[in-house]
Amino acid sequence: IKGSVIPPSRLRNDYREFGLKYAKPGIYENLVYFDWHNFYPNIMLELGCPRNLDREKIEKLLNVKGTKSFLNKLIGRFDAEYSLFYDPSYANKLRKFGRMKLMYYGMQSDEFIFCNTDSILAKVPGGFVPPDNTSVMNVEKALIKNIGNYVLYNSDEVKTTGIFNKPEELIIAKYRMGVECTKDDFLLSSIFGTNEDGYLSADNIRIENVDRKVRYGKS
């Protein structure tokens, strides 16, 4: 607040550590993607809870479905200077430990492709065992644009984020990965102005050759 004075004891004077984020853009085959359940809340139990949190209550919350968002927000309060839970040194320790854990599993891989705070995509050696408490997806094809925009594909599942949540962009991604598009893909994409042959119906131009702004204008 303008003109106010923050007590020195509540000012942060340390360097804030961050989690591990990394992406290697490109198109890849035969990878493994694993995503930790309650990554930081479980690390908090491994390290020991901070002084103002009850370990038993945190353990109970971890066993209740749908509490992940609440627990992550609670951990975020460790960095909030006017929160009852403010503890920046503990927050740094938590993120350092998490980063080391991700780096450890990244180093076990043959090729480290992607990491976003609590998940890893990598080409792994034979006999590799994913860590406990993770969801695992075997990825036949992957297209990585950056941390917030990627497609992971196998015959049973397609995981998309960011721009690739748009049906017309997913068709382009599948085309680039050499994956055959389904009728449902084209049905969804037709809502955005694309016909079954992959052309913008009004202009007779292949969608992957059209400027992004124009494509979204069609949408």
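These legends go with close-up views of a predicted model.

**View 1. The whole protein holds seven helices and nine strands.**
The protein has 219 residues, and buried residues make up 41% of them. The exposed surface comes to about 13000 Å². Carbon and sulfur atoms supply 52% of that area. Consider contacts between residues at least 6 apart in sequence: 58% of these join residues at least 24 apart.

**View 2. Seven strands form an open sheet.**
Read across the sheet, the strand order is 1-3-4-2-5-6-7. The pairing is antiparallel. Which strands are the edge strands? They are strand 1 (21-23) and strand 7 (157-160), and each pairs on one side only. Neighbouring strands in this sheet are turned by 35 degrees against each other on average, direction ignored. In a regular strand, side chains alternate between the two faces of the sheet.

**View 3. Strand 2 pairs with strand 5.**
Strand 5 covers residues 134-146. Its pairing with strand 2 is antiparallel and runs over 10 bridges. To find one matched position, look for Leu31: Val139 in strand 5 stands opposite.

**View 4. Strand 6 and strand 7 make a hairpin.**
Strand 6 spans residues 149-154. How many residues lie between strand 6 and strand 7? There are two. The two strands pair in the antiparallel sense, over four bridges. One partnership to pick out joins Leu152 to Lys159, which sits in strand 7.

**View 5. Helix 4 runs from residue 88 to residue 107.**
This helix has 20 residues. From its first C-alpha to its last, helix 4 reaches 28 Å. That is close to the 28 Å expected at 1.5 Å a residue. The buried residues of helix 4 include Pro88, Tyr90, Ala91 and Asn92. Leu94, Arg95 and Gly98 are buried too. Further along, so are Leu102, Tyr105 and Gly106. What covers these buried residues? The cover includes two helices, helix 1 (39-47) and helix 3 (68-76). It also includes strand 2 (26-36), strand 3 (111-116) and strand 4 (119-123).

**View 6. Helix 1 has buried residues that pack against several neighbours.**
Which residues of helix 1 are buried? They are Phe39, Tyr40, Pro41, Ile43, Met44 and Leu45. Three helices pack against them: helix 2 (55-62), helix 3 and helix 4. Strand 2 packs against them as well. Just after helix 1 comes Gly48, with a positive phi of about 105 degrees.

**View 7. Asn38 and Asn133 each have a positive phi.**
Start with Asn38, in the loop between strand 2 and helix 1. Its phi is about 50 degrees, although Asn38 is not a glycine. Is Asn38 buried or exposed? Its relative accessible area is 14%, so Asn38 is buried; the cut-off is under 20%. Now turn to Asn133, in the loop between strand 4 and strand 5. Phi of Asn133 is near 65 degrees, and this residue is not a glycine either. Asn133 has a relative accessible area of 36%, so it counts as partly exposed, between the 20% and 50% cut-offs.

**View 8. Aromatic rings link up into a cluster.**
The protein has 10 aromatic pairs. One of them joins Phe34 and Phe128, with ring centres 5.9 Å apart. Why is this pair called tilted? The ring planes meet at 35 degrees, so the pair is neither stacked, which needs under 30 degrees, nor edge-to-face, which needs over 60. The pair links distant parts of the chain, because Phe34 and Phe128 are 94 residues apart. Phe34 lies in strand 2, and at 0% relative accessibility it is buried. Ring pairs tie Phe34 and Phe128 to Trp36, Phe39, Tyr40, Tyr104 and Tyr105 in one cluster.

**View 9. Phe128 sits in the loop between strand 4 and strand 5.**
What does Phe128 touch, not counting residues up to four places away in sequence? Its contacts are Phe34, Tyr105 and Gln108. Compare the position of Phe128 with that of Val32: the two are 96 residues apart in sequence. In space, their C-alpha atoms are 9.8 Å apart.

Note on methods
Residues numbered from 1 in each chain as written. Predicted model: local features only at pLDDT ≥ 70, side-chain atom pairs only at ≥ 80, totals over all residues. Heavy atoms only, no water. Expected span 1.5 Å × (residues − 1). Buried < 20%, exposed > 50% of the residue type's maximum accessible area, 1.4 Å probe, protein only. Contact = heavy atoms within 4.5 Å. Pairing = 2+ DSSP bridges. Axes fitted to C-alpha atoms, helices over the stretch in contact; angles between N-to-C directions. Phe/Tyr/Trp six-rings, centres within 6.5 Å; stacked < 30°, edge-to-face > 60°. Areas by Shrake-Rupley, 256 points an atom, 1.4 Å probe, with all protein chains shown as cover.
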